[in-house]
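Dear colleague,

Please find the structure below, handed over for your records. My findings follow after it.

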Amino acid sequence: MPAQSGREKAYAFLKETVLTDPDMQGRFLTEQEIADRIGISRTPIREALLLLAAEDLVQLVPKRGAHIAPLSGREITELMELRGIVERYAAEHTIEAGTVPVAKLMELLDRQRELMGPDQAKEFIAIDHLFHATMVAAVGNELLNRHYDGLRSRQIRAGVVALYNQTGRQEEVLGEHRAILDAVASGDREAARTAISAHLESTLKVLLTG
């Protein structure tokens with residue numbers, strides 16, 4: 001596997017570590033600050049920030065740096081709407097095709113159960129995304145996979161914030177995931193649609209009222 005370029009290293013660090021940190025929401029980042037943190041020159045960092053700006057994940061402000069704007073209510077609502085469309089389709093398709101990855105989903109749910117507490121919130125949400133992405137991947141549509149993976153950064157940002165906004169949210173997520181797993185494992189398409197919608201609606205409610 002080829003070594004990461006400076007730009008790739010900066011991009012991955014910013015997207016996976018900085019943007020998903022609740023304490024960083026609303027802050028400005030300078031190229032020098034990032035360079036000092038990860039030990040590379042400012043040019044690849046500038047290139048990485050341009051990529052993130054093109055994805056609308058940061059806003060570049062002259063003389064101030066990159067602004068990490070908190071997700072707006074509209075962005076959160078649109079994210080949940082889009083996730084619902086994709087995830088309900090994936091559940092129905094895999095049930096119909098007999099390709100529900102039950103064993104993998106059970107394994108991920110067990111891993112999530114071991115990640116309780118605020119110190120493990122980011123890892124908990126990373127597994128949360130993987131739980132849903134595993135179902136989407138089971139459809140076998142590579143273009144759909146890439147589309148869904150493009151939501152990952154926003155999904156993790158929103159999920160971490162939701163955990164910080166409401167005590168006990170981790171236990172609720174586990175229960176909601178269990179309901180989704182039970183429905184798809186039993187081949188009940190309507191129950192799967194209902195469970196996925198309920199999960200996304202409860203997350204949306206926490207985010208918009210938190």
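A residue is called buried here when its relative accessible area is under 20%, exposed when that value is over 50%, and partly exposed in between. By this cut-off Tyr 148 counts as buried, because its relative accessibility is 1%. Please bear in mind throughout that this is a predicted model.

Overall architecture

The protein comprises 10 helices and three strands. Read from the N terminus, the order of elements is α-β-α-α-β-β-α-α-α-α-α-α-α. With a radius of gyration of 18 Å, close to the 17 Å that the globule rule gives for 210 residues, the protein is as compact as a globular protein of that length. The C-alpha trace spans about 55 × 40 × 30 Å along its principal axes.

Of the 210 residues, 44% count as buried. When contacts between residues at least 6 apart in sequence are considered, 74% of them join residues at least 24 apart. The exposed area of the protein is about 10800 Å², of which carbon and sulfur atoms supply 52%. As for charge, there are 25 positive and 31 negative side chains, and the centres of these two sets lie 6 Å apart.

Tyr 148, His 132 and His 177

Tyr 148 belongs to helix α7, which covers residues 142-149. Leaving aside residues up to four places away in sequence, Tyr 148 touches Arg 83, Val 86, Glu 87, His 129, His 132, Ala 133, Val 136 and Gln 155. With Gln 155 there is also a polar contact of 3.4 Å between the side chains. His 132 is 16 residues from Tyr 148 along the chain, and their C-alpha atoms are separated by 9.5 Å.

His 132 also has a link to helix α9 (residues 169-186), where His 177 lies. The side chains of His 177 and His 132 are joined by a polar contact of 3.1 Å. His 177 has a relative accessible area of 0% and is therefore buried. Under the exclusion of residues up to four places away in sequence, the residues that His 177 touches are Leu 109, Gln 112, Asp 128, Phe 131, His 132 and His 199. His 132 is thus listed among the contacts of Tyr 148 and among those of His 177.

Ser 202

Ser 202 sits in helix α10, residues 189-209. Its relative accessible area is 19%, so Ser 202 is buried under the cut-off of 20%. Not counting residues up to four places away in sequence, Ser 202 touches Arg 169 and Glu 176. The side chains of Ser 202 and Glu 176 form a polar contact of 2.9 Å.

Two positive phi values

Most residues other than glycine have a negative phi. Which residue in the loop between α3 and β2 has a positive value? It is Asp 56, whose phi is near 65 degrees, in the loop between α3 (42-54) and β2 (59-61). Asp 56 is partly exposed, because its relative accessible area is 49%.

Lys 63 likewise is not a glycine and has a positive phi, of about 70 degrees. Lys 63 is placed in the loop between β2 and β3 (65-67). With 90% relative accessibility, Lys 63 counts as exposed.

Yours sincerely

Definitions and conventions: Residues numbered from 1 in each chain as written. Predicted model: local features only at pLDDT ≥ 70, side-chain atom pairs only at ≥ 80, totals over all residues. Heavy atoms only, no water. Helix = DSSP H or I, 4+ residues; strand = E, 2+ residues; numbered from the N terminus. Rg over C-alpha atoms; globule rule 2.2 N^0.38 Å. Buried < 20%, exposed > 50% of the residue type's maximum accessible area, 1.4 Å probe, protein only. Contact = heavy atoms within 4.5 Å. Areas by Shrake-Rupley, 256 points an atom, 1.4 Å probe, with all protein chains shown as cover. Lys, Arg positive; Asp, Glu negative; His and termini not counted. Charge placed at Lys NZ, Arg CZ, Asp CG, Glu CD. Polar contact = N/O pair within 3.5 Å; in protein donor to acceptor, adjacent residues only side chain to side chain.
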